[in-house]
Structures are given as C-alpha cells and as structure tokens.
Amino acid sequence: MAWRPFAMALGLVGLLGGSSHAQTPFSADDLLKGTTVSAEACAKVPSAVFVTVDKRGTCIRYYLSSKLSGDRAVIYFPGDAIVRGPGGKPAPEPGYMTQSAEVIAIAANVWAERLKRPMIFFGRVGLHGSSGWHAHRRSLHEIKVTRAAIDAIVTRHGFKTLDVVGQSGGGLLAAALAASRADIGCAVMASTPLDFRAYADEVNWTFRNTGWLAHYDPIGEARTVAANKGRVFILTDPKDAVVPAATQSGFAPAVVAAGGRAVQVKTAGRGPKNHGLTEKALFLAGDCAAGKDDATIVKRFQGTGPEDFR
C-alpha cells in the first residue's frame with residue numbers, strides 16, 4: 001500500500017491497519033501552489049501559530065502529543081515533499097499524498113510513548129496543514145519562519161528544553177535551531193545536506209546567496225551551534241543516493257573544531273536509495289535526552305541495518 005512507507009517511518013504499521021481510519025489527505029494543489037491563511041483564520045486552527053516574517057504572514061500547524069507532560073519536548077521536522085515528476089515537473093512525493101492530520105496526530109502520541117516525553121510533529125512551510133509555499137523550502141525564509149514559530153510554541157506551552165530531530169531537508173531546521181537557541185538539549189540531523197553549498201554543486205543546482213530566498217547553509221553556523229553547547233548527532237548512510245555522504249560529513253568536525261560537541265554516526269538507511277533514517281534519528285534523540293553518553297549511543301546505532309529500530 002502506498003501509505004505504508006510513511007506509516008512505517010512513524011511506527012504506525014499494525015496500529016492504523018490500512019485505510020479503515022477516517023482520514024482527509026493533505027492537498028496536492030496546496031503543496032504545489034501554496035496557500036495563504038489570515039491571522040484570524042489561523043487563530044481558529046487547532047495547534048497553530050501565526051508568525052510574520054519578510055512581510056509575509058504564515059500559519060504554522062504543529063501536532064503536539066496529548067499523552068505525557070513535562071517541560072522537555074522532542075520536535076520532529078519531516079523531509080521535503082516535492083519531487084520531480086514526469087517530464088521533470090514538480091510533483092508531490094507519493095507518500096505525502098497518503099498522509100493526513102489524523103495520521104500525524106496518532107504518530108505524535110506513538111512517539112511520545114516511545115520516547116517518554118512530549119512530542120511535536122512540526123508542519124514545515126507549505127506542509128501538513130501549514131500555509132505558505134513548500135517551494136520556499138531550504139531557504140533563509142523557511143528558517144526564519146521556523147525560528148519564530150518555535151518561539152511562539154515554546155512560549156505557549158512552557159517548554160524549557162527542546163530536543164530537535166530532522167530528516168533530510170527537515171534536518172536543516174534542526175540545525176538552524178541548534179544554532180539559534182541555547183535551550184536545545186540534543187539535535188539529531190539524519191540524511192541532511194549540512195554543507196548545502198557543496199550539495200548544490202553535487203546536484204547541479206544554483207546556490208542562492210542573496211535575497212529573502214537565499215539558501216540556508218548550516219555549516220556556516222557551526223560556531224554558533226558549538227557556542228550553544230547542545231549535543232549534536234549526524235546520522236549518515238555512506239550509500240545515501242539522495243544526499244551524498246560527503247555533503248553531510250563536514251558538519252560534525254566543524255562544530256568540534258569550534259569547541260562544540262558533535263558526533264557523526266554511520267548507519268544504514270531505509271529504501272532503495274538508502275535515505276530513510278527517521279526511526280533511528282528519533283530513537284537516538286530519546287537516548288540522548290535520557291543522558292546516555294556518546295560512546296553508548298554510537299555503539300547502539302553505528303553500522304546497524306536498515307530495518308533495525310522499528
């Protein structure tokens with residue numbers, strides 16, 4: 001079934017049981033063309049915050065687990081959801097079209113129980129019910145919107161410590177928070193192009209370095225990540241065919257060279273392109289938040305197979 005890879009990544013196989021649960025899938029049209037939501041309309045949306053950045057208002061939807069409480073939460077940033085379709089035209093990532101607010105709300109509770117702390121699934125710009133346009137992903141604009149939204153969410157719920165996890169493009173947001181916040185306990189970036197300029201070169205993209213849609217390059221903020229003293233983990237499959245390992249591997253040494261704490265863990269990713277590391281990243285964040293030392297964490301995850309840690 002088409003929904004199965006996403007459900008597996010969020011630990012829902014056997015829980016959802018296929019399509020019997022009532023769901024309203026997210027819109028492909030909204031994904032590809034973007035949406036606008038007013039502050040007034042956003043105020044009526046469950047678990048949403050409205051932020052204004054670059055003279056643009058964005059309604060960010062987030063899914064906070066209803067189970068467990070506390071002042072330390074895990075925040076998960078999913079990967080990109082637009083791919084090249086027939087003829088090279090932008091198209092929805094197939095798994096995205098099987099997702100819904102109902103599924104994500106269940107996933108947030110499943111992972112809260114697994115990690116023993118509150119869990120937030122973050123709707124990136126233009127994704128999962130958030131307004132804006134996903135074509136603006138990986139940009140300074142997305143970074144600034146995310147930082148402002150996290151400020152609002154933390155203020156609303158009173159969290160004191162955040163553990164951030166990002167898969168692929170979502171890892172850029174985890175890195176950006178590690179660079180901008182002193183309350184990040186653990187930051188886990190999985191299959192993420194952390195040297196984004198090098199990544200752009202690898203895939204023959206033009207790296208935008210000016211304007212409000214300039215690309216965000218995490219490696220340029222390695223010093224501020226180090227200064228914030230959070231624990232940083234990079235999860236990489238050396239055979240990743242989506243984000244080359246070479247564009248992931250320079251970040252941890254840059255943070256360490258600046259006096260910070262960062263470890264790269266090499267492990268096998270799911271899927272034919274060896275790219276899926278969501279489950280491992282979340283479990284690793286749980287170990288980190290529980291206070292397990294670096295050596296214990298590396299021993300648990302280094303070199304494990306793609307189907308481990310379900």
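Does Trp205 count as buried, exposed or partly exposed, and at what relative accessibility? In this predicted model, Trp205 has a relative accessibility of 28%. Buried requires under 20% and exposed over 50%. Trp205 therefore counts as partly exposed.

The overall fold was examined next. The chain holds 11 helices and 10 strands. Its radius of gyration is 18 Å, close to the 19 Å that the globule rule gives for 310 residues, so the chain is as compact as a globular protein of that length. Along the principal axes, the C-alpha atoms fill a box of roughly 45 × 45 × 45 Å. Of the 310 residues, 54% are buried. Contacts between residues at least 6 apart in sequence were also considered. Of these, 74% join residues at least 24 apart.

The surface and the charges follow. About 12900 Å² of the chain is exposed. Carbon and sulfur atoms supply 54% of that area. The chain carries 36 positive and 26 negative charges. The mean positions of the two sets are 1 Å apart.

Aromatic pairing was then analysed. The count comes to 11 aromatic pairs. One of them joins Tyr63 and Phe121. Their ring centres are 6.2 Å apart. Their planes meet at 80 degrees, so the pair is edge-to-face; the cut-off for that class is over 60 degrees. This pair links distant parts of the chain. Tyr63 belongs to strand β2 (residues 56-64), and Phe121 to strand β6 (residues 119-122). The two residues are 58 apart. Both Tyr63 and Phe121 are buried.

A further pair is formed by Phe196 and Trp205. Here the ring centres are 6.4 Å apart. The planes lie at 45 degrees, so this pair is tilted. Phe196 has 0% relative accessibility and therefore counts as buried. Its partner Trp205, at 28%, counts as partly exposed. The tilted pair thus joins a buried ring residue to a partly exposed one. Elsewhere, Trp111, Phe283, Phe301 and Phe309 form one aromatic cluster.

Ala107 was also placed. This residue is found in helix α4 (residues 101-115). At 2% relative accessibility, Ala107 counts as buried. Ala107 and Leu213 are 106 residues apart along the chain. Their C-alpha atoms are separated by 31 Å.

Definitions and conventions: Residues numbered from 1 in each chain as written. Predicted model: local features only at pLDDT ≥ 70, side-chain atom pairs only at ≥ 80, totals over all residues. Heavy atoms only, no water. Helix = DSSP H or I, 4+ residues; strand = E, 2+ residues; numbered from the N terminus. Rg over C-alpha atoms; globule rule 2.2 N^0.38 Å. Buried < 20%, exposed > 50% of the residue type's maximum accessible area, 1.4 Å probe, protein only. Contact = heavy atoms within 4.5 Å. Areas by Shrake-Rupley, 256 points an atom, 1.4 Å probe, with all protein chains shown as cover. Lys, Arg positive; Asp, Glu negative; His and termini not counted. Charge placed at Lys NZ, Arg CZ, Asp CG, Glu CD. Phe/Tyr/Trp six-rings, centres within 6.5 Å; stacked < 30°, edge-to-face > 60°.
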